[in-house]
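Trainee: Got a minute to go through this one with me? I'd like to know what sits behind the labels.

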Amino acid sequence: MRVLDFSSTFEHQSTSKADFPKRMFNYDALLFSNQTYPSIPIVLFSRQQETRTQPLHHSIANKTILDFCYDVVQLSLCDWREYLKQ
């Protein structure tokens, strides 16, 4: 049986900020520089409005230099009553 090594980065956001994708990338890059395995970046949004992933993408002359994305959990869309019943 093969064991996969990875970590998860969780960040809570209650407001939308333009620099958030870059900040999330910086967190992930710092973690990766101190370990030999990747991390899975996950954002927990608690705002009422639906929020989508804003990938960080840089390319030069049609060559991709950086392509970073993160998963989003929209807490306002989760049914906490249903979760408590489990």
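Mentor: Start with the cut-offs: buried means under 20% relative accessible area, exposed over 50%, and partly exposed in between (1.4 Å probe, protein chains only). Helices (H or I, at least four residues) and strands (E, at least two) are DSSP runs, numbered from the N terminus. Keep in mind that this is a predicted model, where local features need pLDDT of at least 70, side-chain atom pairs count only at pLDDT 80 or more, and totals for chains, interfaces and linings use all residues. Residues are numbered from 1 along each chain as its sequence is written, and side-chain values use heavy atoms, with hydrogens and water left out.

Trainee: Why is Ile40 called partly exposed?

Mentor: Ile40 has 34% relative accessibility, and partly exposed is the class between 20% and 50%, so the label fits. Ile40 belongs to strand S2, residues 39–45.

Trainee: And what makes Lys63 exposed?

Mentor: Its relative accessible area is 55%; exposed is over 50%, so Lys63 qualifies. You'll find Lys63 in strand S4 (residues 63–68).

Trainee: Which residues of H1 are buried?

Mentor: Phe20, Pro21, Met24 and Asp28.

Trainee: How do you know that they line one face of the helix?

Mentor: Looking down the axis of H1, the buried residues fall within an arc of 100 degrees (taken from the directions from the helix axis to the C-beta atoms), so they line one face. The face turned away from that buried side carries exposed Lys22, Leu30 and Ser33.
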